[in-house]
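Subject: Structure handover

Hello,

Here is the structure for your files. My notes on it follow below.

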Amino acid sequence: GARQVRQARPDAVLIFIMPPSAEILEQRLRGRGDTSDDQITLRLDRAKWEMEQRNWYDHPVINDDVDKCAEKVLQIIASEADE
């Protein structure tokens, strides 16, 4: 993922959107009601690994509120475009 992009394009601006916590991610997945327990376990394991890789990104953004998260991403894009 991000490491490969970083190696191929060192000038890339990488944004990592992450849940506030693993617990909240699990609540969100279970709340959908369309994901099996096995799939939830796989997704949580993958998310944990991805969060450990966040150092490869320039901007970690916590998705605790979708509107605020989207606004933050737009701000990052705008600020990077100005540079």
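Helices and strands here are DSSP runs, with at least four residues for a helix and at least two for a strand, numbered from the N terminus. On that basis the protein has 4 helices and 2 strands, and their order along the sequence is α-β-α-α-β-α. Please keep in mind that this is a predicted model.

Overall figures: the C-alpha trace spans about 45 × 30 × 15 Å along its principal axes. The protein has 83 residues, of which 20% count as buried. Its accessible surface is about 6300 Å², and carbon and sulfur atoms account for 48% of that. Of the contacts between residues at least 6 apart in sequence, 61% join residues at least 24 apart.

On charges, there are 12 positive and 17 negative ones, and their mean positions lie 3 Å apart.

The search for aromatic pairs covered the whole structure and returned 1. The partners are phenylalanine 16 and tyrosine 57, in a tilted arrangement with 4.8 Å centre to centre and 50 degrees between the planes. Phenylalanine 16 belongs to strand E1 (residues 15–18), while tyrosine 57 sits in the loop between helix H3 (37–52) and strand E2 (59–62), so the pair ties together parts that are 41 residues apart in sequence.

How buried or exposed are the two rings' residues? Phenylalanine 16 has 7% relative accessibility and therefore counts as buried. Tyrosine 57, at 23%, counts as partly exposed, because buried requires a relative accessible area under 20%.

Regards

Terms used:
Residues numbered from 1 in each chain as written. Predicted model: local features only at pLDDT ≥ 70, side-chain atom pairs only at ≥ 80, totals over all residues. Heavy atoms only, no water. Buried < 20%, exposed > 50% of the residue type's maximum accessible area, 1.4 Å probe, protein only. Contact = heavy atoms within 4.5 Å. Areas by Shrake-Rupley, 256 points an atom, 1.4 Å probe, with all protein chains shown as cover. Lys, Arg positive; Asp, Glu negative; His and termini not counted. Charge placed at Lys NZ, Arg CZ, Asp CG, Glu CD. Phe/Tyr/Trp six-rings, centres within 6.5 Å; stacked < 30°, edge-to-face > 60°.
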